[in-house]
Amino acid sequence: STQPFTIANFDIRMQEDIMVAETTREGMEVDKSIGAPKTGSVVDLSFKHLLACVVVKLKSEIANVTVSDISLEDIAQTGNYSNGIWTSEQTVTINKLYSGEALVKDAEDFVDVTDGGFLVIPEAIGGEQRLIIRTSHKNYEVVIPVITWEKGKKYTYTLTIKQENIEFNEPGVDIWDEENATGSVVIK
């Protein structure tokens, strides 16, 4: 069942996810002498992410644009979690290299250049944080519009590279669950 817990000085630079699981104990009788349920051995767990995920997807109106890397600047570096609330103090720049193919000119679909996204500490983005995209065409710096990144949500930013600038669209926001998760989960 849900229990209070605290996480101190979690550092986002490691890009490791934090998940919690809970279950209801309704109707589950436990034999205290063996420490196991009397009926059945299945315990349904409901997993939730404590971090947020920020994905950047690009497409290009210019031929042969290659992306070298993407950075999020001035985002929360270390955070403390207590009673369901994150607080943070320091800021950091986190970077992801992109080793994929060159962007196809005028492609219909956006390409994820963050390999499933950045894991970020939930925080209010106040318009000072930036997204830096380094490409073979030029480097782009975009101020991230005011938004609150919430735990358990995935924010997908779509951008279109044009001849002189980059077009930045409003982010798509989804619940970040098993249907939208990427990668594998290791339970320790």
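Me: Which strand holds Lys 96?
Reply: This model is predicted: local features need pLDDT of at least 70, side-chain atom pairs count only at pLDDT 80 or more, and totals for chains, interfaces and linings use all residues. Residues are numbered from 1 along each chain as its sequence is written, and side-chain values use heavy atoms, without hydrogens and water. A strand is a DSSP run of E, at least two residues, numbered from the N terminus. Residues 91–97, with Lys 96 among them, form strand S10.

Me: Which side chain of opposite charge is nearest to Lys 96?
Reply: Lys 96 is buried (under 20% relative accessible area, 1.4 Å probe, protein chains only). Lys and Arg count as positive, Asp and Glu as negative; His and the chain ends are not counted. Lys 96 has no salt bridge (a side-chain nitrogen of Lys or Arg within 4 Å of a carboxyl oxygen of Asp or Glu). At 5.4 Å, the nearest side chain of opposite charge is Asp 115.

Me: Which backbone oxygen does the side chain of Lys 96 reach at 2.8 Å?
Reply: The Lys 96 side chain reaches the backbone oxygen of Thr 114 at 3.2 Å. At 2.8 Å, its target is the backbone oxygen of Gly 117.

Me: How many residues apart are Glu 61 and Lys 162?
Reply: These two form a salt bridge, with the closest N and O atoms 3.4 Å apart. Glu 61 sits in the loop between strands S6 and S7, Lys 162 in the loop between strands S17 and S18. The pair links distant parts of the chain, and the separation in residues is 101.

Me: How many salt bridges does the whole structure have?
Reply: One of them joins Asp 11 and Arg 13 at 2.5 Å, N to O. A search of the whole structure gives a total of 8.

Note on methods:
Helices (H or I, at least four residues) and strands (E, at least two) are DSSP runs, numbered from the N terminus. Buried means under 20% relative accessible area, exposed over 50%, partly exposed in between (1.4 Å probe, protein chains only). A polar contact is a pair of N or O atoms within 3.5 Å; within protein, one must be able to donate a hydrogen and the other to accept it, and residues adjacent in sequence count only if both atoms are side-chain atoms.
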